[in-house]
Amino acid sequence: MVYTEENIRELILRVLAPPLALFSLQVQNRKNHALIEIELDHLTDKTGSASLEDCETVSRRLKEELDLWGEEFDFTLQVSSAGAERVLRLPEDLSRFQGLLVKLEVPLEAGKWDKRLYRLGPVSGDSVELTLYDRKTRHKKNQKSVLMPIAEIRKGNLYLEI
């Protein structure tokens, strides 16, 4: 019997309890084996990072449920956190991670793109306030912000400064 990604997604959503949520799911069905890769989102963590303990707990509970599908369902289960430098889901993550540093791919002149560091400001309609981040001037007050149309942001991820 082949189990679909949708069957597995439904099971995961039954097992997960807030503040944990499903960030991503990949299922690779092979002839007699399924590789199930899950990334968790922690909805109340500042960066959305699930702890190792969260991942272990979810992994244990999912394995128990998947084992009930019978011995003919052979699988490998990998549960991890989406991470503190996760890919942003645009546009919804822009509001969620307001105030944090992000690396965004934004348009420059002449159709070129560049990745730049910004501090996320408030979302207003179809635009987001961004403050260009520079390590040299990061402690200065009143740094200039720009209002960027969200549709112009190609992709981005959270960024941790160490």
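Here are some notes on the fold, the cores and the charged pairs of this chain.

1. **What you are looking at.** This is a predicted model, in which local features need pLDDT of at least 70, side-chain atom pairs count only at pLDDT 80 or more, and totals for chains, interfaces and linings use all residues. Residues are numbered from 1 along each chain as its sequence is written, and side-chain values use heavy atoms, with hydrogens and water left out.

2. **The annotated region.** UniProt, in an unreviewed entry, places the feature "domain: Ribosome maturation factor RimP N-terminal" at residues 20-85. Its positions are given in the numbering used here, feature names are shortened, and annotations may be inferred rather than shown by experiment. Over residues 20-85, helix makes up 24% of the chain and strand 39%, with 17 Å between the end C-alpha atoms. Helices (H or I, at least four residues) and strands (E, at least two) are DSSP runs, numbered from the N terminus.

3. **The largest core.** A nonpolar core here is a set of buried Ala, Val, Leu, Ile, Met, Phe, Trp, Tyr and Cys residues joined through side-chain atoms within 4.5 Å. Buried means under 20% relative accessible area, exposed over 50%, and partly exposed in between (1.4 Å probe, protein chains only). The largest such core has 24 residues, and Ile 36, Ile 38 and Phe 73 have the most contacts inside it. At least two residues of this core come from each of α1 (5-15), β1 (20-29), β2 (34-42), α2 (52-67) and β3 (75-81). A second, separate core holds 15 residues, including Phe 97, Leu 120, Leu 130 and Ile 150. In soluble globular proteins, nonpolar side chains tend to be buried together.

4. **Two neighbours to click on.** Contact means heavy atoms within 4.5 Å. Leaving aside residues up to four places away in sequence, Ile 38 touches Ile 12, Leu 22, Ser 24, Leu 25, Leu 62, Leu 77, Gln 78, Val 79 and Ser 80. Glu 39 is found in strand β2 and is partly exposed, with a relative accessible area of 28%. With the same sequence neighbours left out, the contacts of Glu 39 are Ala 21, Leu 22, Phe 23, Ser 24, Ser 80, Ser 81 and Ala 82. The C-alpha atoms of Glu 39 and Ala 50 are 8.9 Å apart, and eleven residues separate the two along the chain.

5. **The β5-β6-β7 strands.** Two strands pair if DSSP finds at least two bridges between them. Strand β5 (residues 113-124) pairs with strand β6 (residues 127-132) in the antiparallel sense over five bridges, and Tyr 118 has Leu 132 in β6 as its bridge partner. β5 and β6 form a hairpin with two residues between them, and Gly 125 in the turn has a positive phi of about 65°. Five bridges also join β6 to strand β7 (residues 145-149), again antiparallel; here Val 128 has Met 148 in β7 as its bridge partner.

6. **Salt bridges.** A salt bridge is a side-chain nitrogen of Lys or Arg within 4 Å of a carboxyl oxygen of Asp or Glu. By this rule the count comes to seven. Arg 9 and Glu 5 form one of them, at 3.3 Å from N to O; both lie in helix α1, four residues apart, about one turn of the helix. Arg 9 counts as partly exposed at 26% relative accessibility, and Glu 5 is partly exposed at 32%.

7. **Pairs between distant parts of the chain.** Asp 41 forms a salt bridge with Arg 96, with the closest N and O atoms 2.7 Å apart. This pair links strand β2 to helix α3 across 55 residues. Asp 41 is buried, with a relative accessible area of 4%, whereas Arg 96 is partly exposed at 29%. Asp 41, Arg 86 and Arg 96 are linked in a network of salt bridges. Glu 105 forms a salt bridge with Lys 155, at 3.9 Å between the closest N and O atoms. That pair links strand β4 (residues 101-107) to strand β8 (residues 155-158), 50 residues apart. Glu 105 counts as buried at 9% relative accessibility, and Lys 155 is partly exposed at 46%.

8. **A buried acid to check.** Asp 93 lies in helix α3 (residues 92-96). Which side chain of opposite charge is nearest to Asp 93? Arg 96 is, at 4.3 Å, and Asp 93 is buried yet has no salt bridge. For charge, Lys and Arg count as positive and Asp and Glu as negative, while His and the chain ends are not counted. Not counting residues up to four places away in sequence, Asp 93 touches Val 87, Leu 88 and Leu 120.
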